[in-house]
Amino acid sequence: SPLFSSDEPLTLTLKADFSAIRRDRKGDLEERPATLVRHRTGGDSVILDVQLRPRGNFRLDPSNCSFPPLRVNFKKGQDSATVFEGQDKLKLVVPCKPNLSVYEQYVLREYLLYRVYQTVTDQSFGVRLAHVTFEDTSGGDEPFTRFAFFIESDDAMAARIHGQLVDIPEGKIIRPDILDPDVSTRVAVFEYMIGNTDWADAEIHNVTSLLMDGRVAPVPYDFDFSGAVETPYSAPAPGTPIKTVRQRYYLGWCWPEQTIDATLNAFRAARPDIEELYRSFPYLDDAGRGETLEYFAQFFETIDSPVRTRRFLRDCRKLPK
């Protein structure tokens with residue numbers, strides 16, 4: 001996919017009735033016509049007709065976010081030879097409160113966590129950063145420009161890594177023994193590293209499940225409740241014995257020791273790439289960069305200590321017999 005083959009930010013304008021979109025938060029959410037303009041170097045532009053609708057759960061609630069996350073539906077047949085070629089429906093993560101610049105930083109922090117997971121595995125969602133000007137065609141809202149990012153679709157991600165999407169009904173819990181132990185452990189260690197308890201692989205919460213080599217392989221997403229992002233609305237998952245998202249709590253299963261060791265070695269090997277990612281990313285403010293690098297340094301100090309490693313792994317979830 002050309003969209004997710006580069007890390008260079010796109011420059012876009014989205015034109016739609018955003019006043020109506022911001023009000024549309026309950027029931028059957030309506031798709032509304034919009035225009036997406038991609039501005040390219042040299043001054044020329046590509047104009048696409050798209051459909052927009054709000055999406056999400058927590059961030060869809062207007063009491064939590066004044067501007068909801070969006071789903072962009074691309075019309076077939078008009079995206080040939082553009083960076084959006086082959087795209088159908090994409091999630092677009094936008095600032096929850098675009099009038100406050102700090103919420104743009106939260107978006108950038110979450111975007112970087114997808115990139116962090118990519119340093120460890122290609123069994124991850126692709127993301128593409130975009131600098132977007134939002135123009136309200138109704139005239140009700142003033143235009144604003146903020147960073148946002150696209151997330152690769154489930155179908156495209158599954159096809160890219162040769163997995164098959166598993167259609168698991170909402171509310172159903174799968175047996176952990178059908179999970180791929182290596183992938184399940186990798187996800188759990190990553191979520192522990194970023195301080196996220198808002199996920200569960202067997203309960204299919206904030207993971208997409210793929211069938212790969214006869215096992216279910218979870219692919220994580222949605223990291224705005226993590227300590228590495230630390231949004232004002234984030235909180236530890238109910239039932240966990242921590243008080244803030246900056247505290248870490250391990251929610252992985254008690255897989256064999258050799259599986260854990262191999263996973264921790266993979267994260268140790270990725271440390272230079274992770275740190276360089278943050279040092280070279282120009283759009284994160286200095287405070288956010290420093291805080292996150294220090295937060296990750298604490299994680300690496302933990303996994304480099306056998307005593308500390310055994311301590312946090314004691315919280316692992318027992319596999320049913």
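Reader: How many disulfides does a search of the whole structure find?

Author: The search finds 2 disulfides. The model is a predicted one.

Reader: What makes Cys-65 and Cys-96 a disulfide?

Author: The sulfur atoms of Cys-65 and Cys-96 are 1.9 Å apart. The cut-off for a disulfide is a pair of cysteine sulfur atoms within 2.5 Å, so the pair qualifies.

Reader: Why is the disulfide of Cys-65 and Cys-96 called left-handed?

Author: The torsion about its S-S bond is about -100°, so the disulfide of Cys-65 and Cys-96 is left-handed. Cys-65 sits in the loop between strand 3 (45-54) and strand 4 (70-74), and Cys-96 in the loop between strand 5 (89-93) and helix 2 (101-120), so the bond ties together parts that are 31 residues apart in sequence.

Reader: Why do Cys-65 and Cys-96 count as buried?

Author: Buried means under 20% relative accessible area. Cys-65 has 0% and Cys-96 has 5%, so both meet the cut-off.

Reader: How do you know that Cys-254 and Cys-316 form a disulfide?

Author: Their sulfur atoms are 1.9 Å apart, and the cut-off is within 2.5 Å. The torsion about the S-S bond of Cys-254 and Cys-316 is about 100°, so this disulfide is right-handed. Cys-254 belongs to the loop between strand 10 (215-220) and helix 5 (257-280), and Cys-316 to the segment after helix 7 (306-313), so parts that are 62 residues apart in sequence are tied together.

Reader: Which of the words buried, partly exposed or exposed fits Cys-254, and which fits Cys-316?

Author: Cys-254 has a relative accessible area of 22%, so it is partly exposed, a class that lies between under 20% and over 50%. Cys-316 has 16%, so it is buried.

Reader: What pattern do the disulfides of the chain follow?

Author: With bonded cysteines counted along the chain, the pattern is 1-2, 3-4.

Reader: How do you know that the length of helix 6 agrees with what it should span?

Author: Helix 6 (residues 286-303) has 18 residues, which at 1.5 Å a residue should span 26 Å. Its end C-alpha atoms are 26 Å apart, so the two values agree. Among the buried residues of helix 6 are Leu-293, Tyr-295, Phe-296, Phe-299 and Phe-300. The buried residues of helix 6 pack against helix 2, helix 4 (181-194), helix 5 and helix 7.

Reader: What makes helix 4 largely enclosed by the rest of the structure?

Author: In helix 4, 12 of the 14 residues are buried, so the rest of the structure largely encloses it. The buried residues include Val-183, Arg-186, Phe-190, Glu-191 and Ile-194. They pack against helix 2, strand 10, helix 5, helix 6 and helix 7. From its first C-alpha to its last, helix 4 reaches 20 Å, close to the 20 Å expected at 1.5 Å a residue.

Reader: Which residues lie nearest the centre of the largest pocket?

Author: They are Asn-57, Lys-91, Asp-154, Thr-208 and Tyr-221, out of a lining of 42 residues. The volume of this pocket is about 1400 Å³. Strand 5, helix 3 (154-160) and strand 9 (207-212) each supply at least two residues of its lining. By class, the lining has 14 nonpolar, 11 polar and 17 charged residues.

Reader: How many cavities of 30 Å³ or more are there, and what makes a space a cavity rather than a pocket?

Author: The count comes to 2 cavities. In a cavity a 1.4 Å probe fits but cannot get out, whereas a pocket is open. The largest cavity holds about 60 Å³ of space. Its lining includes Arg-59, Cys-96, Tyr-103, Glu-110 and Asp-224, and divides into 7 nonpolar, 1 polar and 3 charged residues.

Reader: Which strand gives the most to the lining of the second largest cavity?

Author: Strand 6 (residues 127-136) does, with 3 residues. This cavity has about 30 Å³ of space. Phe-18, Phe-67, Phe-134 and Glu-135 are among the residues that line it. The classes in this lining are 4 nonpolar, no polar and 4 charged.

Reader: Which residues is Pro-143 in contact with, leaving aside its neighbours within four places in sequence?

Author: Pro-143 is in contact with Phe-134 and Glu-135. Its place is in the loop between strand 6 and strand 7 (144-151). The C-alpha atoms of Pro-143 and Lys-15 are separated by 9.4 Å, although the two residues are 128 residues apart along the chain.

Terms used:
Residues numbered from 1 in each chain as written. Predicted model: local features only at pLDDT ≥ 70, side-chain atom pairs only at ≥ 80, totals over all residues. Heavy atoms only, no water. Helix = DSSP H or I, 4+ residues; strand = E, 2+ residues; numbered from the N terminus. Buried < 20%, exposed > 50% of the residue type's maximum accessible area, 1.4 Å probe, protein only. 1 Å grid on protein atoms, 1.4 Å probe; cavity = no way out; pocket = protein on both sides within 12 Å on 5 of 7 lines; lining within 4 Å. Points joined across faces, edges and corners; volume = space filled by probe spheres on them. Nonpolar A, V, L, I, M, F, W, Y, C, P; charged D, E, K, R; others polar. Expected span 1.5 Å × (residues − 1). Contact = heavy atoms within 4.5 Å.
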